[in-house]
Amino acid sequence: MPAPLHSALLAPSLLAGRHTRLAESAAEVAAAGAPWLHLDIMDGHFVPNLTFGPQMVAELRRETPDLFFDVHLMLEEPQRYAEAFIQAGAQLVSFHVEPTLDHHTLLARIRALGCQNGLVLNPGTPAEAVEPFLGEVDLILVMTVQPGFGGQPFRRDMLDKLVRLDALRRDRGLTFRLEVDGGVDPATGRECRAAGADTFVAGTSFFKSPDRAAFVREVATW
Ligand code: DX5
Ligand code: ZN
């Protein structure tokens with residue numbers, strides 16, 4: 001197995017936090033030592049659920065200034081909202097490859113606004129769908145559940161997609177991060193790490209962990 005390109009890092013998902021106390025949940029993520037905070041933005045169209053808007057992200061940004069905000073847009077029209085989330089303090093904005101839009105232009109626009117960009121694949125979307133964009137991204141996010149809800153079981157059939165994307169990354173001499181999201185816990189996360197992932201979203205397993213700081217530290221050893 002080739003050596004990993006990046007050290008492994010945890011991005012706890014605020015979706016599994018306490019929604020009437022989101023700032024406290026974000027502070028708990030920072031206190032556990034996690035470097036990133038994953039923020040799931042849903043529009044009720046691309047996914048059958050609703051979550052947070054830019055104002056929520058801006059206020060969380062002020063209360064937890066040291067976390068890297070990894071904003072995952074599950075939107076039918078991400079081009080309408082990406083800039084608002086960047087102004088709110090996102091350091092990385094990812095959006096899905098499935099909706100019809102000019103992905104090249106939006107990837108470039110996010111970078112031009114001083115933010116990292118990412119492209120996301122649903123479980124049913126093959127690795128080939130993002131191949132034309134690999135030279136333009138800071139991160140590829142492989143969904144390991146159907147997006148919309150936390151707490152779903154990990155899709156082991158996504159491991160081959162990670163292997164394929166990691167191979168393409170190496171073949172082309174690229175260094176984008178390879179992130180996984182959905183059903184990630186210490187066991188499934190290690191399987192993803194072996195398949196090439198380096199960035200791990202964890203909602204349920206992080207907030208339910210009896211020792212969150214130990215969880216964060218252990219990810220670095222995966
Ligand atoms: C699902 C979201 C995930 C979610 C993961 O649509 O994109 O980020 O928070 O939750 P868990 O870790 O509970 O599967
Ligand atoms: Zn997510």
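In the predicted model, an oxygen atom of ligand 1 is found 2.6 Å from an N or O atom in the side chain of Asp 181. Two further contacts involve oxygen atoms of this ligand: a polar side-chain atom of Thr 204 lies at 2.5 Å from one oxygen atom of ligand 1, and a polar side-chain atom of His 72 lies 3.4 Å from an oxygen atom of ligand 1. Of the 380 Å² of accessible area that ligand 1 has on its own, 99% is covered by the protein. The space that ligand 1 takes up is the largest pocket, and 20 residues surround the ligand, of which Ser 13, Asp 40, Gly 148, Asp 181 and Thr 204 come nearest.

Asp 40 and Asp 181, both named among those nearest residues, also take part in coordinating the zinc ion (ligand 2), as do His 38 and His 72. The histidines contribute NE2 in the case of His 38 and ND1 in the case of His 72, whereas each aspartate coordinates through OD, with distances to the zinc ion of 2.0 to 2.3 Å. Along the chain, the donors of the zinc ion follow the spacing H-x1-D-x31-H-x108-D, and at the start of this pattern both His 38 and Asp 40 are buried.

The geometry of the site was assessed from the angles at the metal. The arrangement around the zinc ion (ligand 2) is octahedral because its six donor atoms subtend angles of 69 to 166 degrees, given that six donors count as octahedral if opposite donors are over 155 degrees apart and all others between 65 and 115.

Definitions and conventions
Residues numbered from 1 in each chain as written. Chains lettered and ligands numbered in written order. Predicted model: local features only at pLDDT ≥ 70, side-chain atom pairs only at ≥ 80, totals over all residues. Heavy atoms only, no water. Donors = N, O, S within 2.8 Å, 3.2 Å for Na, K, Ca; no water. Tetrahedral: all angles 85-135°; square planar, octahedral: opposite > 155°, others 65-115°. Buried < 20%, exposed > 50% of the residue type's maximum accessible area, 1.4 Å probe, protein only. Near = heavy atom within 4 Å. Polar contact = N/O pair within 3.5 Å; in protein donor to acceptor, adjacent residues only side chain to side chain. Areas by Shrake-Rupley, 256 points an atom, 1.4 Å probe, with all protein chains shown as cover. 1 Å grid on protein atoms, 1.4 Å probe; cavity = no way out; pocket = protein on both sides within 12 Å on 5 of 7 lines; lining within 4 Å. Sits in = over half its atoms within 2 Å of the grid points.
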